[in-house]
Amino acid sequence: MANAYQTMETAELDAQIALLEQEAERLRAQGLSLDMARGKPSQEQTDLSRGMLDCVDATCDLTDEGLAADNYGVPDGLPSARRLAAELLQTDSANVLVIGSSSLNLMYDLVCHAYTHGIAGNEPWCHQGEVKFLCPSPGYDRHFRVTEHFGITNVPVAMGVDGPDMDEVERLVASDASIKGIWCVPKYANPTGVTYSDDVVRRLAALEPAAPDFRIFWDNAYMVHDLYDEGDELLNIFDALAEAGHDDMAYVFGSTAKVTFPSSGMAFVASSAANMREVRDAFAVMRVSPEKISQLAHVRFLKDAAGVRAHMRKHAAIVRPRFELVEQKLTDGLGGLDCATWTHPRGGYFVSFDGPEGSAKAIVALAAELGVKLTGAGATWPYGKDPKDTNIRIAPTYPSLDELSAALDVFVLAVKLVSARLARSER
Ligand code: PLP
């Protein structure tokens with residue numbers, strides 16, 4: 001469908017471009033320096049967890065159920081931390097490891113383990129010739145970088161309104177034994193905010209891959225990050241796998257990075273009992289034992305899943321107005337022009353924006369010129385290559401509301417000017 005600029009008379013379009021250029025000059029003169037690039041909580045949000053720092057002090061008991069947090073040992077993580085993680089992931093704590101402060105790090109370690117040593121008795125991926133991963137796109141750039149780093153071929157598959165294109169995923173994994181995995185952010189996906197439907201979760205769990213060592217990397221990073229009291233419901237992947245008789249097919253990850261402190265949170269991984277035996281053995285070579293003082297502080301502060309949800313409601317009160325501002329500014333600025341679409345997430349950290357074909361790089365560059373840093377165009381696709389150059393990830397949490405408002409004015413102007421110039425160049 002043609003957008004408003006494409007249907008304008010040329011004289012009117014030229015006049016519009018001149019007006020938009022004047023507006024760009026006015027914004028440039030403000031000398032803004034704003035950042036809407038990365039999904040980081042704001043200072044107000046991290047301040048919510050300062051109380052956690054008082055939960056462990058020089059006088060307190062440093063044991064958890066009789067196990068020492070202040071020494072080596074307890075390789076699976078503290079029992080109370082594992083219980084908390086298991087409650088969040090809705091699985092048995094016997095199959096959960098709480099380890100380190102970064103779930104991405106755990107994902108890397110498991111890709112690395114499969115690559116160098118192989119999983120479940122299969123040849124290491126590095127000895128199997130070309131190895132591929134499916135990458136629902138737009139998706140999380142750091143996932144794609146992990147597999148790219150090992151020379152694994154990242155294969156984009158379309159991301160729809162209820163998850164990855166399952167017809168395509170089923171067709172590919174059933175026919176190609178070199179496909180070893182798929183990256184999934186099943187709830188409030190990065191960047192679309194989509195939560196996988198029950199049908200998509202069931203179809204993923206029921207996949208019949210040609211590769212015996214195929215794994216779903218189920219990164220449930222935003223499982224508790226609802227913006228509204230009524231959050232999206234995600235089907236329990238462990239139940240779906242059990243129903244399909246495929247207990248070993250997924251590694252499930254989570255962390256408190258955006259619950260307490262990014263990079264000082266508590267990360268966890270869960271899978272079947274058989275997989276976790278192998279993961280434990282691999283991790284035992286990589287580390288003596290996890291950092292448990294932080295685990296102790298976390299469980300004393302958050303207590304249980306209900307405690308986490310109560311804490312997340314405080315985050316939501318800070319974050320929700322930012323997401324609503326994005327929706328309002330984009331609707332007011334771009335509604336009716338038919339030159340863009342964007343997502344309307346009910347949780348998570350991002351809004352995914354699509355402009356006209358061939359516009360994203362130019363919009364990001366123009367916004368940067370006008371003082372607003374956005375996530376690089378293409379970042380949401382494997383190898384940074386968005387085939388239609390349309391997608392931009394908007395990360396509204398970090399700036400203050402005033403800063404975000406100013407940044408969105410620049411963004412809207414950049415979208416209009418680039419769209420208008422593109423329409424002019426088509427004549
Ligand atoms: N997974 C997703 C989907 C993310 O968006 C992020 C951070 O933005 C992470 C993982 C990083 O988590 P962690 O800090 O636990 O490594």
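Below are some worked exercises on this structure, which is a predicted model.

**Exercise 1. Sort out the strand order of the eight-stranded sheet and find its edges.**

Start with the order. Reading across the open sheet, you get S4-S11-S10-S9-S8-S5-S6-S7, with mixed pairing. Next, look for strands that pair on one side only: these are S4 (96-98) and S7 (163-164), the edge strands.

Now zoom in on one pair inside the sheet. S5 (residues 132-137) and S8 (residues 179-184) run parallel, and three bridges join them. To get a feel for the register, find leucine 134: isoleucine 182 in S8 stands opposite.

**Exercise 2. Check whether the span of helix H5 agrees or disagrees with 1.5 Å a residue.**

Count first: H5 covers residues 103-117, which is 15 residues. The expected span uses one less than the number of residues, so at 1.5 Å a residue H5 should span 21 Å. Then take the C-alpha atoms at the two ends: they are 21 Å apart, so the helix agrees with the expectation.

While you're there, look at both ends. At the N-terminal end, serine 102 acts as a cap, with a side-chain oxygen 3.3 Å from the backbone nitrogen of leucine 104. Just after H5 comes glycine 118, with a positive phi of about 80 degrees.

**Exercise 3. Find the buried residues of H5 and say what they pack against.**

Go along the helix and keep the residues with under 20% relative accessible area. That gives you Ser103, Leu106, Met107, Asp109, Leu110, Val111, His113 and Ala114.

The spacing in that list is worth a thought. An α-helix has 3.6 residues a turn, so residues three or four places apart point the same way.

Finally, list the partners. The buried residues of H5 pack against two helices, H6 (141-149) and H10 (273-286), and against strands S8, S9 (215-219), S10 (250-255) and S11 (267-270).

**Exercise 4. Work out which residues surround the ligand, and pick out polar contacts to it.**

Begin with the neighbours. Ser102, Ser103 and Leu104 are among the surrounding residues, along with Tyr140, Val185, Asn190, Asp219, Ala221, Tyr222, Ser255, Ala257 and Lys258.

Then pull out N or O pairs within 3.5 Å:

- Serine 102: an N or O atom in the side chain is 2.7 Å from a ligand oxygen atom.
- Aspartate 219: a polar side-chain atom lies 2.5 Å from a ligand nitrogen atom.
- Tyrosine 222: an N or O atom in the side chain is 2.6 Å from a ligand oxygen atom.

Last step, the coverage: on its own the ligand exposes 400 Å², and the protein buries 87% of that.

**Exercise 5. Track down cis peptide bonds and positive phi values in the loops.**

Take the cis bonds first. One runs from serine 137 to proline 138, with omega near 5 degrees; this proline is in the loop between S5 and H6. Another runs from asparagine 190 to proline 191, with omega near 10 degrees, and proline 191 lies in the loop between S8 and H8 (198-205).

Now for positive phi in residues other than glycine. Glutamine 90, in the loop between H4 (79-89) and S4, has phi near 60 degrees. Alanine 120, in the loop between H5 and S5, has phi near 50 degrees.

Are these two buried or exposed? Partly exposed covers the range between 20% and 50%. Glutamine 90 is at 49% relative accessibility, so it counts as partly exposed, and alanine 120 falls in that class because its value is 48%.

**Exercise 6. Place isoleucine 392 in its sheet and describe its surroundings.**

Start with the sheet: three strands sit in the order S12-S13-S15, with antiparallel pairing. S12 (341-342) and S15 are the edge strands. Two bridges join S12 to S13, where threonine 341 stands opposite aspartate 354. S13 (residues 351-354) and S15 pair over four bridges.

Isoleucine 392 is in S15, and phenylalanine 353 stands opposite. Which way do the S15 side chains point? Asn391 and Arg393 go one way, Ile392 and Ile394 the other, and all are buried. Isoleucine 392 has 0% relative accessibility, so the buried label fits.

To finish, list its contacts beyond four places in sequence: Val351, Ser352, Phe353, Ala360, Ile363, Val364, Leu374 and Phe411. For leucine 374, 18 residues away along the chain, the C-alpha separation from isoleucine 392 is 7.9 Å.

Technical notes. Residues numbered from 1 in each chain as written. Predicted model: local features only at pLDDT ≥ 70, side-chain atom pairs only at ≥ 80, totals over all residues. Heavy atoms only, no water. Pairing = 2+ DSSP bridges. Buried < 20%, exposed > 50% of the residue type's maximum accessible area, 1.4 Å probe, protein only. Contact = heavy atoms within 4.5 Å. Polar contact = N/O pair within 3.5 Å; in protein donor to acceptor, adjacent residues only side chain to side chain. Near = heavy atom within 4 Å. Areas by Shrake-Rupley, 256 points an atom, 1.4 Å probe, with all protein chains shown as cover.
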